[in-house]
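This briefing concerns a predicted model. Charged pairs are taken up at the outset, followed by helix packing and the overall fold.

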Amino acid sequence: MQICRGLAFLSYLEVRSAVTFAAAAALVAVFDRPTITVNQILVARVVRQEERNTAMATMHVAANVGVAAGTALGTLALLQAGRGSFDAVVIADAATFFLAA
């Protein structure tokens, strides 16, 4: 799932119009939206019951740290507005999914 999410986010590198943006956004949504449910199922199957709350909390903290880091990176990209900075943010985002896999 994480590899598919990373590949889907890389599709933003090919956006050149509203149509290609809509296609990329739809592709991202297909793989991004079910992630919370899939993670919960994975934890339920792999983690012992008494450790599930801790596992889920750790995953949520990691996600929140990722959002905060992404916000900071996005802010830096906006300060250097241009295709190169946008591409760097997209590649960095995709890389985080590949690392998570």
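Asp32 and Arg5 form a salt bridge in which the closest N and O atoms are 2.5 Å apart. Asp32 lies in helix H2 (residues 18-32) and Arg5 in helix H1, so the pair ties together parts that are 27 residues apart in sequence. The model in which this pair occurs is predicted, and a search of the whole structure finds four salt bridges.

**The Arg5–Asp32 pair and its surroundings**

- Arg5 belongs to helix H1, which covers residues 2-10.
- The two partners differ in burial class: Arg5 is buried, with a relative accessible area of 12%, whereas Asp32 is partly exposed, at 26%.
- Arg5 counts as buried because its relative accessible area of 12% falls under the 20% cut-off.
- The side chains of Arg5 and Asp32 are also joined by a polar contact of 2.5 Å.
- Beyond its neighbours within four places in sequence, Arg5 is in contact with Phe31, Asp32, Thr35 and Phe97.
- Side chains of opposite charge can pair when their charged atoms come close.

**The network around Arg48**

- Salt bridges link Arg48, Glu50 and Glu51 in a network.
- Within this network, the side chains of Arg48 and Glu50 meet with an N to O distance of 3.5 Å.
- The side chains of Arg48 and Glu51 meet in a salt bridge with an N to O distance of 2.3 Å.
- Glu50 is exposed, with a relative accessible area of 59%, while Glu51 counts as partly exposed at 35% relative accessibility.
- Glu50 is placed in the exposed class because its relative accessible area of 59% is over the 50% cut-off.

**Phe9 in helix H1**

- Helix H1 also contains Phe9, a residue that counts as buried at 16% relative accessibility.
- Setting aside residues up to four places away in sequence, Phe9 touches Val28, Asp32, Val90, Asp93 and Phe97.
- Two residues, Asp32 and Phe97, appear among the contacts of Phe9 and also among those of Arg5.
- Although Phe9 and Ile91 are 82 residues apart along the chain, their C-alpha atoms are separated by 8.1 Å.

**Packing of helices H3 and H4**

- Helix H3 (residues 35-46) packs against helix H4 (residues 52-79) at an angle of about 150°, and their axes are 10 Å apart.
- The crossing of H3 and H4 is right-handed.
- On the H3 side, the residues of this contact are Asn39, Gln40, Val43 and Ala44, which meet Arg52, Ala55, Met56 and Met59 of H4.
- By class, the residues of the contact of H3 with H4 comprise five nonpolar, two polar and one charged.

**Overall fold**

- The protein chain has five helices and zero strands, and reading along the sequence gives the pattern α-α-α-α-α.
- Along its principal axes, the C-alpha trace of the protein chain spans about 50 × 25 × 20 Å.
- The protein chain has 101 residues, of which 20% count as buried; Arg5 and Phe9 are among the buried residues.
- Of the contacts in the protein chain between residues at least 6 apart in sequence, 59% join residues at least 24 apart.
- The salt bridge of Asp32 with Arg5 likewise connects parts of the chain that are 27 residues apart in sequence.

Note on methods
Residues are numbered from 1 along each chain as its sequence is written. This is a predicted model: local features need pLDDT of at least 70, side-chain atom pairs count only at pLDDT 80 or more; totals for chains, interfaces and linings use all residues. Side-chain values use heavy atoms; hydrogens and water are left out. Helices (H or I, at least four residues) and strands (E, at least two) are DSSP runs, numbered from the N terminus. Buried means under 20% relative accessible area, exposed over 50%, partly exposed in between (1.4 Å probe, protein chains only). A polar contact is a pair of N or O atoms within 3.5 Å; within protein, one must be able to donate a hydrogen and the other to accept it, and residues adjacent in sequence count only if both atoms are side-chain atoms. Contact means heavy atoms within 4.5 Å. Axes are lines fitted to C-alpha atoms, for helices over the stretch in contact, and angles run from 0 to 180 degrees between N-to-C directions. A crossing is left-handed if the near helix is turned anticlockwise from the far one by less than a right angle, and right-handed if clockwise. Ala, Val, Leu, Ile, Met, Phe, Trp, Tyr, Cys and Pro count as nonpolar, Asp, Glu, Lys and Arg as charged, and the others, Gly among them, as polar.
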